[in-house]
Amino acid sequence: MQNNSNFFPKAIITDVDGTITDKSRRINLDAVSAIRTLFDNNIPVVIASGNTLCSLTFLCKMLGTDGTVICENGGVYRVKYEGEIRIPGSKQVCIEAFSRVENYYAEKGIELELYSPEYRFADVAFARNVNPDEVREIVSDLPVVILDSGFAVHIQSANSGKGNAFGYVAYEMGLNVSDFVAFGDSHNDVDMLKRAGKGVAVAGGDKMAGDAADWVSSKKYGDGFVEGVKRYFPSLF
């Protein structure tokens with residue numbers, strides 16, 4: 001297989017849930033194999049997710065990467081395991097926004113389930129049992145962004161995001177964002193997909209991700225990720 005895109009990437013950055021997993025969040029074993037092949041051939045792999053730092057650190061250990069991660073949808077990032085944990089996001093504004101949202105739904109008899117609050121440094125994440133668009137309306141006057149990953153609703157400060165953190169991480173790695181292929185499936189991946197040299201959206205994901213991408217896979221979820229990796233790194237497969 002040949003890379004006919006006249007683009008020769010030096011690294012990848014990828015979302016996790018829905019991108020290297022299936023719809024049930026079970027990791028795709030072929031995606032694991034592809035990531036290991038890249039990393040073993042000196043292609044850096046950055047993991048970018050709404051998940052917590054401790055979750056992604058464990059995932060990187062299992063995948064076999066160097067621990068470079070963007071967590072909490074850009075609210076936290078770290079370059080390599082030994083790197084400094086950096087927190088461009090502000091959790092205080094997220095807590096204030098969540099308090100308003102929680103009170104609003106409590107009056108309707110709806111309880112919101114927080115996800116891993118004790119392990120989050122920058123954002124607030126909760127179960128997707130309410131309409132994210134309604135949540136946006138509730139906090140529209142606050143300096144926060146509401147992200148719907150398809151698996152959870154995230155409240156993050158307006159100055160954070162995967163795209164912003166991507167720029168910081170690339171710089172610390174000595175690369176440009178244009179050196180990367182980015183992989184994602186949801187609207188919280190849009191900025192990351194747009195900033196990369198090439199953005200790949202896996203089939204079956206959010207329309208906004210597909211519109212932001214340079215290429216959309218024919219296969220869904222983790223199989224689509226593998227398809228994209230083979231497209232842009234054909235000499236390794």
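1. The UniProt annotation "binding site", from an unreviewed entry, covers Lys162. The model discussed here is a predicted one. Lysine 162 sits in helix α5, which spans residues 162–172. With a relative accessibility of 2%, lysine 162 counts as buried, because the cut-off for that class is under 20%. Leaving out residues up to four places away in sequence, lysine 162 touches Asp15, Ala48, Ser49, Gly50, Ile70, Asn73, Gly74, Asn188, Asp189 and Met192. Two of these partners, Asp15 and Asn73, are taken up in the points below.

2. Which residue does UniProt list for "active site"? The residue is Asp15, and the entry is again an unreviewed one. Aspartate 15 belongs to the loop between β1 (11–14) and α1. Its relative accessible area is 5%, so aspartate 15 is buried. Beyond four places in sequence, aspartate 15 is in contact with Ile20, Ala48, Ser49, Lys162, Phe183, Gly184, Asp185, Asp189 and Met192. The residue annotated as "binding site", Lys162, is thus among the contacts of the residue annotated as "active site". Ala48, Ser49, Asp189 and Met192 appear in the contacts of aspartate 15 and also in those of lysine 162.

3. Where does asparagine 73 lie? Asparagine 73 is in the loop between β3 (69–71) and β4 (76–78). Asparagine 73 has a positive phi of about 55°, although it is not a glycine. Most residues other than glycine have a negative phi. At 0% relative accessibility, asparagine 73 counts as buried. With residues up to four places away in sequence set aside, asparagine 73 touches Ser49, Gly50, Asp123, Leu147, His154, Gln156, Gly161, Lys162 and Asn188. Of these, Ser49, Gly50 and Asn188 are also touched by lysine 162.

4. Tyrosine 221 likewise has a positive phi of about 55° and is not a glycine. Tyrosine 221 is found in helix α8. Is tyrosine 221 buried or partly exposed? The relative accessible area of tyrosine 221 is 24%, and tyrosine 221 is therefore partly exposed, whereas asparagine 73 is buried.

5. Helix α8 (residues 221–232) packs with helix α1 (residues 29–40): their axes come within 8 Å and cross at roughly 30°. Angles under 35 degrees count as roughly parallel, and α1 and α8 are therefore roughly parallel to each other. The crossing of α1 past α8 is left-handed. On the α1 side, the residues that meet α8 are Asp30, Ala31, Ala34, Ile35 and Leu38. On the α8 side, they are Gly222, Asp223, Phe225, Val226 and Val229. By class, the residues of this contact divide into 7 nonpolar, 1 polar and 2 charged.

6. Back in helix α5, which also holds lysine 162, there is alanine 165. Alanine 165 counts as buried, at 1% relative accessibility. Outside the four nearest places in sequence, alanine 165 touches Ile70, Gly74 and Tyr77. Ile70 and Gly74 are contacts of lysine 162 as well. How far apart in space are alanine 165 and cysteine 71, C-alpha to C-alpha? They are 9.1 Å apart in space, and 94 residues apart in sequence.

7. Aspartate 148 lies in strand β6, residues 144–148. With a relative accessible area of 14%, aspartate 148 is buried. Residues up to four places away in sequence excluded, aspartate 148 touches Arg128, Pro132, Arg136, Ser186 and His187. Aspartate 148 and aspartate 206 are separated by 58 residues in sequence and by 10.0 Å in space, C-alpha to C-alpha.

8. Lysine 91 lies in helix α3, residues 91–106. Which residues is lysine 91 in contact with, leaving aside its neighbours within four places in sequence? They are Pro117, Arg120, Phe121, Ala122 and Asp123. Asp123 is also one of the contacts of asparagine 73. From C-alpha to C-alpha, lysine 91 is 15 Å from leucine 53 in space, the two being 38 residues apart in sequence.

Terms used:
Residues are numbered from 1 along each chain as its sequence is written. This is a predicted model: local features need pLDDT of at least 70, side-chain atom pairs count only at pLDDT 80 or more; totals for chains, interfaces and linings use all residues. Side-chain values use heavy atoms; hydrogens and water are left out. Axes are lines fitted to C-alpha atoms, for helices over the stretch in contact, and angles run from 0 to 180 degrees between N-to-C directions. Helices (H or I, at least four residues) and strands (E, at least two) are DSSP runs, numbered from the N terminus. Angles under 35 degrees count as roughly parallel, over 145 as roughly antiparallel, 65 to 115 as roughly perpendicular and the rest as oblique. A crossing is left-handed if the near helix is turned anticlockwise from the far one by less than a right angle, and right-handed if clockwise. Contact means heavy atoms within 4.5 Å. Ala, Val, Leu, Ile, Met, Phe, Trp, Tyr, Cys and Pro count as nonpolar, Asp, Glu, Lys and Arg as charged, and the others, Gly among them, as polar. UniProt positions are given in the numbering used here, feature names are shortened, and annotations may be inferred rather than shown by experiment. Buried means under 20% relative accessible area, exposed over 50%, partly exposed in between (1.4 Å probe, protein chains only).
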